[in-house]
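Me: I'm new to reading protein models. Could you walk me through this one, feature by feature?

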Amino acid sequence: MKIFALALALWCGAALAAVPEPSADAVMQQALPSEAEASDAMAQDMAGTLLQHGLASWYGGKRWQGRRTASGERFDGQALTAAHKTLPLGSRVRVVNLGNGRAVTVRINDRGPFTPQFIIDLSEAAAERLGMRHAGRAQVALHRSASVSKSSR
């Protein structure tokens, strides 16, 4: 198991090193919501359920399909799931795209993202529902889900 973990860590490090980091100018030029829009979205959260806000990314495709997640289940890019560093596995969170207002409820079934700039990695289906699949990233707010027993649609 230790060999697998070491191999995975080395592979992830090599994969991250192969992806060029965007320049600071490129990051600043991205279409992000204004502070007023972000504040409005957070102000609408009257129940005090805001957990976190920041950048989301997505993962999936043939490369990840069927692989085991941290929860032990097999990854399904068409399921509404996500990876988070610290939220309990099995918990549900509502993810709101601050750029367009779209929202989706996902179940945390994996760990990640392992890049400091991102707070959550969404499945391909969740990214599509949020309207961020093509862009690859979006500013989001994470909220406690209203009900743990409801299935994500």
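Me: Where is the place of Thr49?

Reply: Helices (H or I, at least four residues) and strands (E, at least two) are DSSP runs, numbered from the N terminus. Here, Thr49 sits in the loop between helix 3 (35-43) and strand 1 (50-59). Before going on: this is a predicted model, where local features need pLDDT of at least 70 and side-chain atom pairs count only at pLDDT 80 or more, while totals for chains, interfaces and linings use all residues. Residues are numbered from 1 along each chain as its sequence is written, and side-chain values use heavy atoms, with hydrogens and water left out.

Me: What does pLDDT say here?

Reply: It's the predictor's confidence in each residue, from 0 to 100. The protein averages 78, and 63% of the residues score at least 70. Over residues 14-19, though, pLDDT is below 50, and that stretch has three contacts (heavy atoms within 4.5 Å) beyond near neighbours in sequence. Where pLDDT is low, the predicted coordinates should not be read in detail.

Me: Back to Thr49: is it buried or exposed?

Reply: Buried means under 20% relative accessible area, exposed over 50%, and partly exposed in between (1.4 Å probe, protein chains only). Thr49 has 16% relative accessibility, so it counts as buried.

Me: Which side chain shares a polar contact with Thr49?

Reply: A polar contact is a pair of N or O atoms within 3.5 Å; within protein, one must be able to donate a hydrogen and the other to accept it, and residues adjacent in sequence count only if both atoms are side-chain atoms. For Thr49 the partner is the side chain of His143, at 3.5 Å. Leaving aside neighbours within four places in sequence, Thr49 also touches Arg94, Leu142 and Arg144.

Me: Which residues touch the most other members of the largest nonpolar core?

Reply: Such a core is a set of buried Ala, Val, Leu, Ile, Met, Phe, Trp, Tyr and Cys residues joined through side-chain atoms within 4.5 Å. This one has 20 residues, and Val95, Val106, Ile120, Leu122 and Val140 touch the most other members. Helix 4 gives the most to this core, with four residues.

Me: How many aromatic pairs are there?

Reply: Rings of Phe, Tyr and Trp (its six-membered ring) pair if their centres lie within 6.5 Å; planes under 30 degrees apart count as stacked, over 60 as edge-to-face and the rest as tilted. There are two pairs. Tyr59 and Trp64 have ring centres 5.9 Å apart and planes at 85°, so they're edge-to-face. Ring pairs link Tyr59, Trp64 and Phe75 into a cluster.
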